[in-house]
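Visitor: I have a sequence and a model in front of me, and I would like a friendly walk through them. Could you show me both?

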Amino acid sequence: MKKNKEDNFIKIMKKIKPSSYKKIINYKGNLLDDNILDSFDIIKLCVEIEKMYKIKINQKIINRKSFSNFKNIKKLI
């Protein structure tokens with residue numbers, strides 16, 4: 001299940017940021033602070049996660065830390 005979850009997130013990232021999704025997945029710094037992701041990317045990411053998993057992301061967990069790296073993004077569901 002864990003591998004499937006990661007594969008699904010890779011698909012989402014590829015859809016949202018086709019030219020830089022590999023960099024995002026492997027990036028060791030902070031995706032927001034280093035301007036790899038912006039606020040519009042976060043909105044698109046949330047929408048795609050909600051559609052794929054048929055869930056509603058709790059607004060209380062949407063913060064800078066949640067989107068700072070690929071590992072934290074995967075924790076959203």
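Guide: What follows is a set of questions and answers about this predicted model.

Visitor: Let's begin with the overall fold. What pattern does the protein chain follow along the sequence?

Guide: The protein chain has 4 helices and 0 strands. Read from start to end, the pattern is therefore α-α-α-α.

Visitor: What is the radius of gyration of the protein chain, and how does it sit against the globule rule?

Guide: The C-alpha atoms fill a box of roughly 30 × 25 × 20 Å along the principal axes. For 77 residues the globule rule gives 11 Å, and the protein chain is close to that, so it is as compact as a globular protein of that length. The radius of gyration is 11 Å.

Visitor: How much of the chain is buried?

Guide: A residue counts as buried when its relative accessible area is under 20%. Of the 77 residues in the protein chain, the buried share is 39%.

Visitor: Let's go inside. Which residues touch the most other members of the largest nonpolar core?

Guide: In soluble globular proteins, nonpolar side chains tend to be buried together. Here the largest nonpolar core has 20 residues, and helix 1, helix 2, helix 3 and helix 4 each supply at least two of them. The members that touch the most others are Met13, Leu37, Leu45, Ile49, Phe67 and Ile73.

Visitor: Which residues does Leu45 touch, apart from those up to four places away in sequence?

Guide: Leu45 is one of the buried residues of helix 3. Setting aside residues up to four places away, Leu45 touches Ile12, Met13, Ile16, Leu37, Phe67 and Ile73.

Visitor: Is Ile12 buried or exposed?

Guide: Ile12 belongs to helix 1, which covers residues 2–16. Beyond its neighbours within four places in sequence, Ile12 is in contact with Leu45, Glu48, Ile49 and Met52. Its relative accessible area is 2%, and because the cut-off is under 20%, Ile12 is buried.

Visitor: Now for the charged side chains. Which residue forms a salt bridge with Lys74?

Guide: The structure holds 7 salt bridges. In the one formed by Lys74, the closest N and O atoms are 3.0 Å apart. Lys74 lies in helix 4 and its partner in helix 1, so the pair ties together parts that are 68 residues apart in sequence. That partner is Glu6.

Visitor: Of that pair, is Glu6 buried or partly exposed?

Guide: Lys74 has 18% relative accessibility, so Lys74 counts as buried. Glu6 has 25% relative accessibility, and because the buried range is under 20% and the exposed range over 50%, Glu6 counts as partly exposed.

Visitor: How far apart are the closest N and O atoms of Lys17 and Asp41?

Guide: This salt bridge links distant parts of the chain, with Lys17 in the loop between helix 1 and helix 2 and Asp41 in helix 3. Lys17 is buried at 19% relative accessible area, and Asp41 is buried at 4%. Their closest N and O atoms are 3.2 Å apart.

Visitor: Why can Asp41 and Lys44 be described as about one helical turn apart?

Guide: An α-helix has 3.6 residues a turn, so residues three or four places apart point the same way. Asp41 and Lys44 are 3 residues apart in helix 3, which means a separation of about one helical turn. Their side chains meet in a salt bridge, N to O, at 3.8 Å.

Visitor: Which residue caps the N-terminal end of helix 3?

Guide: Helix 3 has 15 residues and reaches 21 Å from its first C-alpha to its last, close to the 21 Å expected. At its N-terminal end, a side-chain oxygen lies 3.1 Å from the backbone nitrogen of Phe40. The residue that supplies this cap is Asp38.

Visitor: And at the other end, what is the phi of Lys54?

Guide: Most residues other than glycine have a negative phi. Lys54 follows helix 3 and sits in the loop between helix 3 and helix 4, where it is exposed with a relative accessible area of 74%. Its phi is positive, near 50°.

Visitor: Where is Asn35 found?

Guide: Asn35 also has a positive phi, about 60°, although it is not a glycine. With a relative accessible area of 67%, Asn35 is exposed. Asn35 is found in the loop between helix 2 and helix 3.

Technical notes
Residues are numbered from 1 along each chain as its sequence is written. This is a predicted model: local features need pLDDT of at least 70, side-chain atom pairs count only at pLDDT 80 or more; totals for chains, interfaces and linings use all residues. Side-chain values use heavy atoms; hydrogens and water are left out. Helices (H or I, at least four residues) and strands (E, at least two) are DSSP runs, numbered from the N terminus. Buried means under 20% relative accessible area, exposed over 50%, partly exposed in between (1.4 Å probe, protein chains only). Contact means heavy atoms within 4.5 Å. A nonpolar core is a set of buried Ala, Val, Leu, Ile, Met, Phe, Trp, Tyr and Cys residues joined through side-chain atoms within 4.5 Å. A salt bridge is a side-chain nitrogen of Lys or Arg within 4 Å of a carboxyl oxygen of Asp or Glu. The expected span of a helix is 1.5 Å times one less than its number of residues. A polar contact is a pair of N or O atoms within 3.5 Å; within protein, one must be able to donate a hydrogen and the other to accept it, and residues adjacent in sequence count only if both atoms are side-chain atoms. The radius of gyration is taken over C-alpha atoms; the globule rule is 2.2 Å times the number of residues to the power 0.38.
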